[in-house]
Structure formats: structure tokens, C-alpha cells
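Subject: Structure for you to look at

Hello,

I am passing on the structure we spoke about. Please open it first, then read the notes underneath with the model beside you.

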Amino acid sequence: MSLAADIARKIMDAVDARFDDQVEVTADLVRIPSTRYKEAPAQDFMARLYREQQLSVDRWQIRLDDIRHLPGYSPLQQDYENTWNVVGAWRPTNPQGRSVILNGHIDVVPEGPLDMWQRPPFAPEVRDGWLYGRGAADMKAGLVLNHYALLALRRCGYRPAAEVYLQSVVEEECTGNGALACLQRGYRADAALIPEPSSHALTVAQVGVMWFQVKVTGHPVHVYQADAGSNAIESAFRLIQALRELEKNWNARKSDDAHFHDHHHPANFNVGKINGGDWASSVPAWCTFDMRVGVLPSMSLSQARREVEDCVRNAAARDPYLGNSPPALLWEGFQAEPFVLSGHEKVRAVLDAAHRTVFGKPLVDERSTATADNRFFGLYAGIPALVYGPRSKDIHGFDECVELDSVRRITQSTALFVAEWCGLETA
Ligand code: ZN
């Protein structure tokens, strides 16, 4: 890379010098439970962090009326009161180089059964070089490393020569509407970097993700005459089996997909929630289940949606009761399009050089069977958005953790990337 070796070394040393502090701050952030609708105090924490670095802080409440008309919006029937985004901006007086967005999400997924965690999920702990806790990897380590990468430049007496926007957004885990709200507010840059846990690889293609809910009704009777009734839970079970067949069908079509043709199972369906019935001796009159489906880049969301609807309709028609009482299907939560990086050669080259300096080997391209906020920048604003982050274990499971040495090195490569991409001026 063109960044002089001695400057690169100085920047990497500056990351090392503050790394203990960085781990402590990450643990402090993990300690604030920020599951969806409870992110506000964690966002206040991020705003304080940005202010300490003398960034100008923009903290605003998301209003659905501002974003619901935009492409990429995902509907969610929930209260957006107390939903805040935070951006810390570094704006040079005379910007020279190329600007960058360093993005991350503050929301974490629910912690699940507490008794399955070795330690409480919001009591972070360092063990054998890994930081444990809900959100430690996905992605509070990333949010905090963005901040420390910028801080390392400052500690070396430099400032980026172009605008740098540190973004902490809500709702990456169910819609992406937080990242969308940043676009709506007007934030743009020449590139975006998102340190989601990626094991040091660059995500170049990812599936789309859709959520839907199926409401199944039954005919309730006392079980002694069960054959006169219709069991909503068993009907739901038959619909789920039909959807599983659709999953096989979608995966069989991977051979047409330029990015996932050799992936063993790219389109994953998941029944994530199920509720139904109220009494062991009553045939249940209702059952509701929520499903997540993965959509290959070679398919469109509208095509995928049609196929899901056809599948449920056909399965219901074969069902003894549902034929006359079809289930309701509601598309809510993620309606995330598949995303394939393009036009990212220049920014990739700069990240590759930074990565080589730190890791001593070339950057590897990877595909992802999950989605991330990068799609908003790429699809709706033409900004090359790179997902590149640390090594993790058990995200969305229990005993989630992130490898600290990996976090340290991704902080270094992020700092080197910003230095090279934006250029440096002396403070
Ligand atoms: Zn994430």
C-alpha cells in the first residue's frame, strides 16, 4: 500500500496501546441490554463515545412516515417511539480524499433461555482471549472498533482528510430500517465498511431474507369427539412440511445461481416462533407460526413471495379443514433483497492492502447465507459497502463470543483502511 510502512506501524501500535481500554468499553456496551425496542440507553452510550472524540453528533428519532415509502423498507407493526439512530461525523474544513461510513448496529437478538448460558448474557466476561455476552460479536465489538480505529489515527497526530461518519443504527436484526433511516437523512459517502462478524473475510454476495407469519384456524371441540373438529396445530404442522419441500426446491435451483451454485445449502428456511391452542383437552382453534426464508440472488423477492403464497395455498387446499378456511399470510419484518457487491474494485484494493499489512495474507471473498445492512448502501445509494469483521462463535445462540485478538487486528486494518482511503492530514 502507499501508506508509508513507518506510519502504518505507528497506527497499529496506537491501536495496541489502547486495546485494553477498547475491550473494557466493549464490555460496558454489552452490559447494556439492547434488544429491539430497548436500544435507547445503548445509543446514548454511543453518542457519549462519539462526543468524547469531538465528533459532531446527530441523534434522531426514527419516524416511520419518513421511511415507509422508500425502497428497501420492511414493515413492522411495532411502536417506534424511543427508537434512536446516532451518527458521529468527522468533517474536515477542506475535505480532500474519499469519504467513508463506518456502520454498525446496536440491536441484539433476544438472549433465549438464561439457564443455557454459562454466565448471564449481559454480564460480559473475558475467558481464554474471547469476550462473552449477548451482542459481544454481533456486533458491539464492531461498533466500538470503528470508534477506536478513528481514535488511533488521532493519537498518532493525524486526522482523516475526508469525511468519516460513524453510524450506530437500530433494527438490523429484523428490518434494516435503521440503516434506511440514515440514507433518508442524507448520509452518503464514497464507501461504507461494516465490521459484522465475518472471520476476516469480505462478504461479496448474500441471500435475501424474508419474514412472514401464518395464522391457521381450527374447529374447536372437546377431544372426546376430536374427529368432528379440526386441529389448528396439526394443520400448521402440515403447512410447515409443505414449506420445507419448497426449501428443497429452492436449494435445488442453486445451480442457476452465479454465487451459490457450489454452496451446500444456501436457502435456509426457519420456523422461528410458534404459538397455538390453550388447553390440552380442547382441539386447538388457532395456531400462528413465524418463518424466515433465504432467497438466492438469482431470484427476486416478488417471485419468492409468490412461491411461498402458492405453496401455503396449495397445502391448505389439501387440508381437510383449511380448504374452506384458508390460513392468513402476513409479510412482516425483513423483506431484504439479495445483494451482490459490484463496482467495489478500488475500495476492495485498499482494504486488501490494509488486511495484508495486518494479517500478512490476502483478503478472502466469502458468500453469506444471511443478510446485513450493507444492502442499503449498495442497492439504494450506489455506495460500495464492505462487510468485514472479527471472528465469532455462537451469534444468535447462547455463550455468544468474539475473539479479542481478532478484534484488535480488525481495528488495525480498519484504521489503516481509513488512513489510506480518506488520506491523512496532521492535526
Ligand atoms: Zn449483526
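The notes below go from the overall shape to single residues.

This is a predicted model, in which local features need pLDDT of at least 70 and side-chain atom pairs count only at pLDDT 80 or more, while totals for chains, interfaces and linings use all residues. Residues are numbered from 1 along each chain as its sequence is written, and side-chain values use heavy atoms, with hydrogens and water left out.

Overall shape

The protein has eleven helices and 20 strands. Helices (H or I, at least four residues) and strands (E, at least two) are DSSP runs, numbered from the N terminus. The C-alpha atoms fill a box of roughly 80 × 45 × 40 Å along the principal axes. The radius of gyration is 23 Å, which agrees with the value near 22 Å for a compact globule of 427 residues. That radius is taken over C-alpha atoms, and the globule rule is 2.2 Å times the number of residues to the power 0.38. Of the 427 residues, 56% are buried. Buried means under 20% relative accessible area, exposed means over 50%, and partly exposed lies in between (1.4 Å probe, protein chains only).

Helices α5 and α10

Helix α5 covers residues 136-155, and 18 of its 20 residues are buried, so the helix is largely enclosed by the rest of the structure. Met 139 lies in this helix and is joined to Asp 138 by a cis peptide bond, with omega about -10°. Just after α5, Gly 157 has a positive phi of about 85°.

Helix α10 (residues 374-381) has Asn 374, Arg 375, Phe 376 and Phe 377 as its buried residues. Gly 382, just after α10, also has a positive phi, of about 65°. Pro 384 sits in the loop between α10 and β17 and is buried at 13% relative accessible area. Its C-alpha is 12 Å from that of Ser 99, although the two are 285 residues apart in sequence. Further on, Gly 389 is in the loop between β17 (385-387) and β18 (392-393). Gly 389 is buried, with a relative accessible area of 0%. Its C-alpha is separated by 31 Å from that of Asp 79, 310 residues away along the chain.

Positive phi outside glycine

Most residues other than glycine have a negative phi, and most peptide bonds are trans. Asn 82 has a positive phi of about 70° and lies in the loop between α4 (64-67) and β2 (84-90). At 40% relative accessibility, Asn 82 counts as partly exposed. Glu 171 has a positive phi near 60° and is found in the loop between β7 and α6. Is Glu 171 buried or exposed? Glu 171 is buried, at a relative accessible area of 0%.

Aromatic rings

There are seven aromatic pairs. Rings of Phe, Tyr and Trp (its six-membered ring) pair if their centres lie within 6.5 Å; planes under 30 degrees apart count as stacked, over 60 as edge-to-face and the rest as tilted. One of the pairs is Tyr 165 with Tyr 187: the ring centres are 5.4 Å apart and the planes are at 65°, so the pair is edge-to-face. This pair links distant parts of the chain, with Tyr 165 in strand β7 (residues 164-169) and Tyr 187 in the loop between α6 (177-185) and β8 (192-194), 22 residues apart. Tyr 165 is buried at 10% relative accessibility, and Tyr 187 is buried at 9%. Trp 60 forms one aromatic cluster with these two tyrosines.

Two arginines lie over ring faces: Arg 36 is over Tyr 80, at 5.2 Å from the ring centre, and Arg 98 is over Trp 421, at 4.0 Å from the ring centre. The rule for a charge over a ring is that NZ of Lys or CZ of Arg is within 6 Å of the ring centre and within 35 degrees of the ring normal.

The cavity

The structure holds one cavity of 30 Å³ or more. On a 1 Å grid over the protein atoms alone, a cavity is a set of points where a 1.4 Å probe fits but cannot get out, and lining residues have an atom within 4 Å of a point. About 50 Å³ of space lies in the largest cavity, a volume being the space filled by probe spheres set on the points. Its lining includes Trp 117, Arg 119, Tyr 132 and Asp 399.

Regards

Key. On a 1 Å grid over the protein atoms alone, a cavity is a set of points where a 1.4 Å probe fits but cannot get out, and a pocket is an open set with protein on both sides within 12 Å along at least five of seven lines; lining residues have an atom within 4 Å of a point.
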